[in-house]
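Student: I've got a fold to look at and some questions to go with it. Can we walk through it together?

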Amino acid sequence: MEALNLQWFSWMAGGFAPTAWVVELARWLGMDGVALAGAALLWLWWKRPADRLYLLGSMLCSAAAVLLAHRLAMVVGHPRPFVMGLSPAYIDHAARGSLPSAHASALFTLGFCLLWLRQLRLGGAAIVAVALAVSWGRVYCGVHFPLDIAAGAALGGVIALLYGWLWRHAGPVVQDPAEPALQDAATPRTSSQAASLE
């Protein structure tokens with residue numbers, strides 16, 4: 001597995017002689033590309049007010065993925081490519097463990113969570129695409145291996161599966177109390193209004 005990981009890294013990374021404009025793009029994606037996912041999330045928050053509780057839960061899952069990824073990286077202690085001398089670090093980064101990638105864990109968790117709901121799938125697919133782009137940028141810049149990204153995506157998939165299962169079973173219970181009030185508010189009060197008019 002490690003040999004395959006190193007081979008994939010050699011194919012994907014900028015190494016010691018990167019193309020100037022590609023390394024600039026990779027650096028931007030690796031450092032600031034997360035803002036694209038934030039923009040997609042804000043758009044969904046504005047367009048889908050009925051799904052805001054689910055979106056909030058998805059963001060909490062993403063935050064939990066970051067914390068868990070950092071903890072796992074400390075335990076596993078896999079060195080980063082620039083620490084092993086395989087590439088310069090084109091992004092300033094500490095030399096702590098790299099597996100799983102916290103960026104990949106957060107973004108894939110968020111994207112996979114949104115893919116659970118039909119009305120949020122377009123946004124989920126956009127965030128997964130951002131996750132792939134950010135992950136490529138971080139590999140190209142020498143701060144992650146492809147296996148770090150795969151581990152982050154797997155962690156995101158597990159968390160999203162648990163959240164999707166929990167929402168399917170608990171979501172209706174959480175949302176039901178508001179529904180009678182909404183129905184009552186929407187029901188015309190014909191009898192009392194008719195009496196007052198007469």
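**A walk through the model**

Tutor: Sure, and let's begin with Met-31, which sits in helix H2. Keep in mind that this is a predicted model.

Student: Okay, is Met-31 buried, partly exposed or exposed?

Tutor: Buried would need a relative accessible area under 20%, and exposed would need over 50%. Met-31 comes in at 45%, so the label is partly exposed.

Student: How far is Met-31 from Asp-92 in space, C-alpha to C-alpha?

Tutor: Along the sequence, Met-31 and Asp-92 are 61 residues apart. In space, their C-alpha atoms are separated by 9.4 Å.

Student: And Ala-17, where is that, and what is its relative accessible area?

Tutor: Ala-17 is in the loop between helix H1 (2-12) and helix H2 (20-32). The cut-off for exposed is over 50%. Ala-17 counts as exposed, with a relative accessible area of 70%.

Student: What separates the C-alpha atoms of Ala-17 and Ser-87?

Tutor: Ala-17 and Ser-87 are 70 residues apart along the chain. Their C-alpha atoms, though, are separated by 9.3 Å.

Student: Zooming out, how many helices and strands does the chain have?

Tutor: Reading along the sequence, you get α-α-α-α-α-α-α-α-α. That fits the count, which is 9 helices and 0 strands.

Student: How do helix H3 and helix H6 run relative to each other, parallel or antiparallel?

Tutor: The axes of H3 (residues 34-47) and H6 (residues 121-140) come within 9 Å and cross at roughly 170°. Angles over 145 degrees count as roughly antiparallel. So H3 and H6 are roughly antiparallel.

Student: Which residues make that contact, and how do they split by class?

Tutor: H3 brings Val-34, Leu-36, Ala-37, Ala-40 and Leu-44, while H6 brings Gly-123, Ile-127, Val-130 and Val-134. Gly counts as polar. By class, the contact of H3 with H6 has 8 nonpolar, 1 polar and no charged residues.

Student: What about the largest nonpolar core: which residues have the most contacts inside it?

Tutor: That core has 34 residues. The elements giving two or more residues to this core are H3, helix H4 (52-76), helix H5 (102-115), H6 and helix H7 (146-175). The residues with the most contacts inside the core are Tyr-54, Phe-108, Leu-114 and Leu-120.

Student: Which residues does Leu-114 touch, leaving out those up to four places away in sequence?

Tutor: Take contact as heavy atoms within 4.5 Å. With that, Leu-114 touches Leu-44, Tyr-54, Leu-55, Ser-58, Leu-120, Arg-121, Gly-123, Gly-124 and Ile-127.

Student: Is Thr-109 buried or exposed?

Tutor: Thr-109 is found in helix H5. Among the residues Thr-109 contacts are Cys-61, Ala-65 and Ile-159. At 0% relative accessibility, Thr-109 counts as buried.

Student: What is the peptide bond from Leu-99 to Pro-100, cis or trans?

Tutor: Most peptide bonds are trans. Pro-100 lies in the loop between H4 and H5. The bond from Leu-99 to Pro-100 has omega near 0°, and it is cis.

Student: Last one: over which residues does pLDDT stay under 50?

Tutor: The mean pLDDT of the chain is 88, and 86% of its residues reach 70 or more. Where pLDDT is low, the predicted coordinates should not be read in detail. One stretch under 50 has 0 contacts beyond four places in sequence, and that is residues 178-183. Another, also with 0 such contacts, is residues 194-198.

Technical notes: Residues are numbered from 1 along each chain as its sequence is written. This is a predicted model: local features need pLDDT of at least 70, side-chain atom pairs count only at pLDDT 80 or more; totals for chains, interfaces and linings use all residues. Side-chain values use heavy atoms; hydrogens and water are left out. Axes are lines fitted to C-alpha atoms, for helices over the stretch in contact, and angles run from 0 to 180 degrees between N-to-C directions. Helices (H or I, at least four residues) and strands (E, at least two) are DSSP runs, numbered from the N terminus. Angles under 35 degrees count as roughly parallel, over 145 as roughly antiparallel, 65 to 115 as roughly perpendicular and the rest as oblique. A nonpolar core is a set of buried Ala, Val, Leu, Ile, Met, Phe, Trp, Tyr and Cys residues joined through side-chain atoms within 4.5 Å. Buried means under 20% relative accessible area, exposed over 50%, partly exposed in between (1.4 Å probe, protein chains only). pLDDT is the predictor's confidence in each residue, from 0 to 100.
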